[in-house]
Amino acid sequence: MYPLPLSATLNYMFLKKGKIQREVHGVKEDVMNMIAPQMVRPITRWPFFAFLGGAMFCLLASSTCHLLSCHSKRLSYIMLRLDYAGIAALIATSFYPPVYYSFMCNPFFCNLYLSFITILGIATIIFSLSPAFQTPKFRNFRASLFFGMGMSGAAPIVHKLIMYRNQPEALQTTGYEILMGALYGLGALIYATRIPERWKPGRFDIAGHSHQLFHVLVVAGAYTHYQAGLVYLRWRDVRGC
Ligand SMILES: [Zn+2]
C-alpha cells in the first residue's frame, strides 16, 4: 500500500488545541502538489512541466518581441514571428497535462492524442516562422491554425468525459478547459478581426489594441489551464491509475 502523498501529510501536520488545523493555502500548496508527491509516488510530472516550459517560453518570446521590436523594421519582423511561435508552443504544450493524466491508463489514446497535438504544434510553429506565410493574404489562415489547434482539444475532453463521467475531477477539469478554450478562441477572434482599432483607427495605438488584448487573453487561458493541471495532479496522486 502507498503512503499518503507528502503534500497531504504536510497540510495536516499543524496541531492547535487538540484539533487538526489545515495549513493556509496558496502558492506554497501549489508547489507542494507539483513537487512533493514525486518523492513518495511514481506519478510522473513531465507533462505538467512541459506545459509550464511552454508557458514560460511563450511569455519570454513575447517580452523579447515587444522589447526589441522598436529597434528596426527588420528586427521587428523577425521578433513578431517569434511571438506567434511562442503562443503556438504554449497552446500545444497545454494539451500535455489533460491528455496525459486523463489517458495515462490507456497508452494507445494517450500516445495518439499527444502525437497529434505535437505534429499540429510543430506545423503551426513552422507556419508562424515562415516568411511566406506572413503576408496579409494568410492572416486568416494563420488565425485559423491557432483556432483549429485550440479546438482540436475537444476530442480528448469529450472522450475523457465519456470515460470518467462519474468522476468529480473530470467534470471540474472540463469546466476549466471550456473556460480556457473560450479565452484562447476569443484571443484568436480578436487577432483576426483587429477589434477594437478597426472601429477607431489611431485611438488604440498606445493602449487597448487587438494585439494587447490577445496577449492578456492568452495569459488568462494559460492560468486557467494551470489550475486544471493542479486538479489532475491531485486526482492521479490520490487515486493512481
Ligand atoms: Zn505580441
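Helices here are DSSP runs of H or I with at least four residues, and strands are runs of E with at least two, numbered from the N terminus.

**Entry 1: model and fold**

I am working with a predicted model. I counted the elements first and got 10 helices and two strands in the chain. I then read their order from the N terminus: α-β-β-α-α-α-α-α-α-α-α-α.

I looked up burial next. Of the 241 residues in the chain, 45% are buried, taking buried as under 20% relative accessible area. The accessible surface of the chain is about 13,300 Å², and carbon and sulfur atoms hold 71% of that. For contacts with a separation of 6 or more, I noted that 71% join residues 24 or more positions apart.

**Entry 2: the UniProt record**

I checked the unreviewed UniProt entry for annotated segments. It places "transmembrane region" at residues 48–70, 82–100, 112–133, 145–162, 174–192 and 213–235. I looked at two of these ranges in the model. Residues 112–133 come out as 82% helix and 0% strand, with the end C-alpha atoms 28 Å apart. Residues 174–192 are 100% helix and 0% strand, and there the end C-alpha atoms lie 26 Å apart.

**Entry 3: largest pocket**

I took the largest pocket next and recorded a volume of about 440 Å³. I listed 32 lining residues, with G150, G153, E177, M180 and G181 nearest the centre of this pocket. The elements that supply two or more lining residues are α4 (73–94), α5 (96–102), α7 (139–151), α8 (154–163), α9 (168–193) and α10 (210–239). Which element gives the most to this lining? I found that α9 does, with 10 residues. Sorted by class, the lining of the largest pocket holds 21 nonpolar, nine polar and two charged residues.

**Entry 4: second largest pocket**

I then turned to the second largest pocket, with a volume of about 380 Å³. I found 17 residues lining the second largest pocket, and L80, Y84, R139, Y191 and R194 are the closest to its centre. Two or more lining residues come from each of α4, α7 and α10. I noted α4 as the element that gives the most to this lining, with five residues. By class I logged five nonpolar, six polar and six charged residues for the second largest pocket.

**Entry 5: the two linings together**

I put the two lists side by side. α4, α7 and α10 appear among the contributors to the largest pocket, and α4, α7 and α10 are also listed for the second largest pocket. For charged residues, I have two in the lining of the largest pocket and six in that of the second largest.

Terms used
Residues numbered from 1 in each chain as written. Predicted model: local features only at pLDDT ≥ 70, side-chain atom pairs only at ≥ 80, totals over all residues. Heavy atoms only, no water. 1 Å grid on protein atoms, 1.4 Å probe; cavity = no way out; pocket = protein on both sides within 12 Å on 5 of 7 lines; lining within 4 Å. Points joined across faces, edges and corners; volume = space filled by probe spheres on them. Nonpolar A, V, L, I, M, F, W, Y, C, P; charged D, E, K, R; others polar. UniProt positions renumbered as here; feature names shortened; annotations may be inferred. Buried < 20%, exposed > 50% of the residue type's maximum accessible area, 1.4 Å probe, protein only. Contact = heavy atoms within 4.5 Å. Areas by Shrake-Rupley, 256 points an atom, 1.4 Å probe, with all protein chains shown as cover.
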